[in-house]
Amino acid sequence: MTASYPQHTPGAAAPEESAGIPPLLRGVMWVAIGALIAGAILCVFWVLLSPEGDVIPKAFLTIIALAAFAGMSLMDAQLAPGRTSWLVLVSMLSWVLVLLCALTLIWVPAENVFVVVKVWFFILIVLFVQLTVLHQRIVWRAHRRHVTGFTRTLTVITSVFVVALLFMALVPLTLPTYFDYPDMYGRIMVSLAILGAVGTALIPLITAMFGPKRVAAHVEAARTLPWPTYRDGVTPLPMLPDGQPDFDALRTGVPSPGARSFGSPPVQAPHHPNPGPQHPAPPAP
């Protein structure tokens, strides 16, 4: 006998290798790699040209920031299969923005700003960026329940207001002493916050008023009466051909002709008429 073995084509790839990773995830990973390389080059440039003497603490903080960014990129890559495509891209871009703000906060000189204050600014930067991403997830999820031209326009305008507010809040946190921020800057931020809050409240309100109602089926199911049973409270009554309970079987104990039984009817005790009061027999003489 001649044994036959499976042939392997030299240029063929394994099933796992041919599947590969999704193009969007591959692009997101390239964005993370490019951000790491660009951040490292920028930090080297600052190290070589910085006139200050505190280069070693800043370099140490830079290494921590780059390592944290690499960890968050790996976490986003692990969570990517369970997320929508736009959320994967937005989440990665948000961490790139956090990395750029952190490197700027570390290396750009700021007079009369202590390290503790910079750490607090960095925490606020991460908090504001991630709250904006969470806001976009909630708003666009509410928009998908009732999609119209008006709700789509309202959602886009609200997102623009919120993202603009985010960037205006990040500039003074990243460069606290680099610019002279006028009073109008704060007024514009407050106006954007009010408009974004109004749009955020209107989207779920319009969806709840004019969108499809999901509780109608549960209300109808709650109003359905339970199927009647025999006197034992366990055995269900037979069902007539028209789908109604056979109440005659409850009275007679025997299913009606053509009724469908779901169990043997319980045995009912025979009914005896009341014999009335009985008097004792007189004693024998």
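These legends go with a set of close-up views of one predicted model.

The model is a prediction, where local features need pLDDT of at least 70, side-chain atom pairs count only at pLDDT 80 or more, and totals for chains, interfaces and linings use all residues. Numbering starts from 1 along each chain as its sequence is written, and side-chain values use heavy atoms, with hydrogens and water left out.

**Figure 1. The whole chain, nine helices and zero strands.** From the N terminus on, the elements read α-α-α-α-α-α-α-α-α. Helices (H or I, at least four residues) and strands (E, at least two) are DSSP runs, numbered from the N terminus. Of the 285 residues in the chain, 27% are buried; with a 1.4 Å probe and protein chains only, that means under 20% relative accessible area, while exposed means over 50% and partly exposed is in between. Take the contacts (heavy atoms within 4.5 Å) with a separation of 6 or more: 61% of them join residues 24 or more positions apart.

**Figure 2. Helix α3, residues 55-79.** This helix has 25 residues and reaches 36 Å from its first C-alpha to its last, close to the 36 Å expected at 1.5 Å a residue. The expected span here is 1.5 Å times one less than the number of residues. Buried residues of α3 include Val55, Lys58, Thr62, Ala65, Leu66 and Phe69, and Ser73, Asp76 and Ala77 are buried too.

**Figure 3. The largest pocket, with a volume of about 610 Å³.** Closest to its centre, among the 26 lining residues, are Leu61, Ala102, Leu105, Ile106 and Lys118. Elements giving two or more residues to the lining are α3, α4 (85-107) and α5 (115-144). The largest share, eight residues, comes from α3. By class the lining has 21 nonpolar, no polar and five charged residues. In this scheme Ala, Val, Leu, Ile, Met, Phe, Trp, Tyr, Cys and Pro count as nonpolar, Asp, Glu, Lys and Arg as charged, and the others, Gly among them, as polar. For the grid-minded: on a 1 Å grid over the protein atoms alone, a pocket is an open set of points with protein on both sides within 12 Å along at least five of seven lines, a cavity is a set where a 1.4 Å probe fits but cannot get out, and lining residues have an atom within 4 Å of a point. Points are joined across faces, edges and corners, and a volume is the space filled by probe spheres set on them.

**Figure 4. The second largest pocket, about 240 Å³ of space.** Helices α4, α5 and α6 (149-174) each supply at least two lining residues, and α4 gives the most, with five. Among the lining residues are Trp86, Val90, Leu93, Val129, Gln136 and Phe167. The class split is nine nonpolar, three polar and no charged.

**Figure 5. The largest cavity, about 50 Å³ of space.** A search of the whole structure turns up one cavity of 30 Å³ or more. Its lining includes Thr104, Leu105, Pro109, Lys118, Pro176 and Tyr178. Seven of the lining residues are nonpolar, three polar and one charged.

**Figure 6. Helix α6 and its buried threonine 158.** At 1.5 Å a residue, the 26 residues of α6 should span 38 Å, and the end C-alpha atoms are 37 Å apart, which agrees. Threonine 158 sits in this helix and counts as buried at 2% relative accessibility. Setting aside neighbours within four places in sequence, threonine 158 touches His135, Gly196, Gly199, Thr200 and Ile203. Other buried residues of α6 include Leu154, Val162, Leu166 and Leu173, and the cover over the buried residues includes α4, α5 and α7.

**Figure 7. A salt bridge in helix α7, aspartate 183 to arginine 187.** The structure holds one salt bridge, defined as a side-chain nitrogen of Lys or Arg within 4 Å of a carboxyl oxygen of Asp or Glu. The closest N and O atoms of this pair are 2.6 Å apart. Because aspartate 183 and arginine 187 are four residues apart in the helix, about one helical turn separates them. Both ends are exposed: aspartate 183 at 54% relative accessibility, arginine 187 at 52%.

**Figure 8. Phenylalanine 210 in helix α7 (residues 183-210).** This side chain belongs to an exposed residue, with a relative accessible area of 55%. The C-alpha atoms of phenylalanine 210 and histidine 146 are separated by 7.5 Å, though the two are 64 residues apart along the chain.
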